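User: I am new to this structure and would like a close look at a single part of it, the sheet, followed outward to the helices around it. Please take me through it in one connected account.

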Amino acid sequence: MTQRSVLLVGSMPFRDESTAMAIALEELGDHLWAVPDGEIGERTDACPGGTRSAWVQTIMDRCEADTETWKVVRPARRNAAGYAADYRSGPRLEPRRRPRDIVEHLDFGWATAALDSYPEFCRLRDGANRPDLRFQIGLPTGLGATFGMMSPSNALRYAGAFNRRLALEANAILTHTEPGDAIIQIEVPGELAMAHRLPKPLVGLAVRSVVTLIEQIEPLAPIGVHLCFGDLNNEALISPAALDRTVHFANTLIGRWPAGHELAYVHAPLAEAAEPPPLERSYYEPLGGLRVPDGVRFVAGFVHPGRSDEEHRTILEHIESIRGETVDVASSCGLGRIDEAAALRAMRAARHLVV
């Protein structure tokens, strides 16, 4: 049997990036092949949960603050943690510049944050004697960001410009990290939500958003895909009754994967934020139709603090018997929207599945 591994999807609710990476290695050690920095950022009075820990929160905050580039039609309505109170409470912004002109006025901070954490990753990796360990950088798509802060028409018009800026920041990271150290994780809740609302023949429109971002990233590191149901304030963006459209979206993306870019893994969400994954085998049956190429990892995102070790084992047996292969395991999304105790339970549950 192929050895299972654990994927940490991204955010973690610990004190800072150094602490998050150290805890990840302490809890999961040799079962990890990549480590994110925890995506925490600065803890401020306005954002005590951290300025990086709610996916595109950083992008929306930076754009909302730049009133020379953006007109604030409606400011964000925030909760006590500093995040948008719900999926409809982000800022509503109107661009003051054309799509072709706006890129030079955008700075999302991804490169700065990753490169600040990278030396600590190197120190921890070397201390653990894991030269094979990758530094994982989570990257949203332009469409995922624009749909959270603009009208639908502007979101579509400006998604390409946001993709260009995200690719510039990703390329800066890859230029300033050692060859073989980095792995990019593309995160696609917005596109997956589109795929659940569009007729299946039109899913290619959502896939195009992801592909055009990947095409602009230099092929200097492997790329993983984190399919996502959304996880704002531990609430899902979509709650699909079945996995068939998720599988269809993944197959379409795999079929259009840009030549020259290495696809490292496909992560499928199998729980919905606070909602634990189902126990019934029938829910997971569509995963048998997921066409993951040879050599690409399939990561089943079902580990959840609301399920017991026995329940996790049952779900894993369902998935592996349906897939006919050993799979890697993960939570459905990052752990940054739950508390430290729940995050540790999820990490330890994952470890129990792979030892």
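Analyst: A good place to begin is one pair of neighbouring strands, β5 (residues 182-187) and β6 (residues 223-226), which pair in the parallel sense over four bridges. Within this pairing, Ile-186 stands opposite Val-225 in β6. Please keep in mind throughout that this is a predicted model.

In general, the strands of a sheet pair through backbone hydrogen bonds, and they may do so either parallel or antiparallel. Here the pairing is parallel, and the sheet to which β5 and β6 belong is an open one of seven strands, taken in the order β1-β4-β5-β6-β7-β8-β9. Its edges are formed by β1 (34-36) and β9 (328-331), each of which pairs on one side only. Going from one strand to the next, the twist averages 30°.

From the β9 edge we can step to a helix, since α11 (residues 309-323) lies across β8 (297-303) and β9, and runs at about 150° to β8. Helix α11 also meets helix α12 (residues 340-354), for the axes of the two come within 10 Å and cross at roughly 55°. That angle makes α11 oblique to α12, and the crossing in which α11 passes α12 is right-handed. On the α11 side the contact is made by Asp-309, His-312, Arg-313 and Leu-316, while α12 contributes Ala-349, His-352 and Leu-353. Sorted by class, the residues of this contact of α11 with α12 are three nonpolar, two polar and two charged.

Helix α12 has a further partner in helix α1 (residues 17-28), and these two pack at an angle of about 35° with their axes 9 Å apart. The crossing of α1 and α12 is right-handed. Ile-23, Ala-24, Glu-27 and Leu-28 of α1 make this contact with Leu-344, Met-347, Arg-348 and Arg-351 of α12. By class, the contact of α1 with α12 has five nonpolar residues, no polar ones and three charged ones.

Another helix pair can be read in the same manner, namely α4 (residues 110-127) and α6 (residues 152-175), which pack at an angle of about 20° with their axes 8 Å apart. Angles under 35 degrees count as roughly parallel, and α4 and α6 are therefore roughly parallel to each other. Their crossing is right-handed, and the residues that make the contact are Trp-110, Ala-111, Ala-114 and Leu-115 of α4 together with Glu-169, Ala-172 and Ile-173 of α6. These residues of the contact of α4 with α6 divide into six nonpolar, no polar and one charged.

Helix α6 also takes part in an aromatic pair. A pair of aromatic rings is described by the distance of the centres and the angle of the planes. With ring centres counted as paired when they lie within 6.5 Å, the count comes to seven aromatic pairs. One of them joins Phe-108 and Phe-162, whose ring centres are 5.2 Å apart and whose planes stand at 40°, so the pair is tilted. Phe-108 lies in the loop between α3 (99-102) and α4, whereas Phe-162 lies in helix α6, so the pair ties together parts that are 54 residues apart in sequence.

Terms used: Residues numbered from 1 in each chain as written. Predicted model: local features only at pLDDT ≥ 70, side-chain atom pairs only at ≥ 80, totals over all residues. Heavy atoms only, no water. Axes fitted to C-alpha atoms, helices over the stretch in contact; angles between N-to-C directions. Parallel < 35°, antiparallel > 145°, perpendicular 65-115°, else oblique. Left-handed = near helix turned anticlockwise from the far one by under 90°. Contact = heavy atoms within 4.5 Å. Nonpolar A, V, L, I, M, F, W, Y, C, P; charged D, E, K, R; others polar. Pairing = 2+ DSSP bridges. Phe/Tyr/Trp six-rings, centres within 6.5 Å; stacked < 30°, edge-to-face > 60°.
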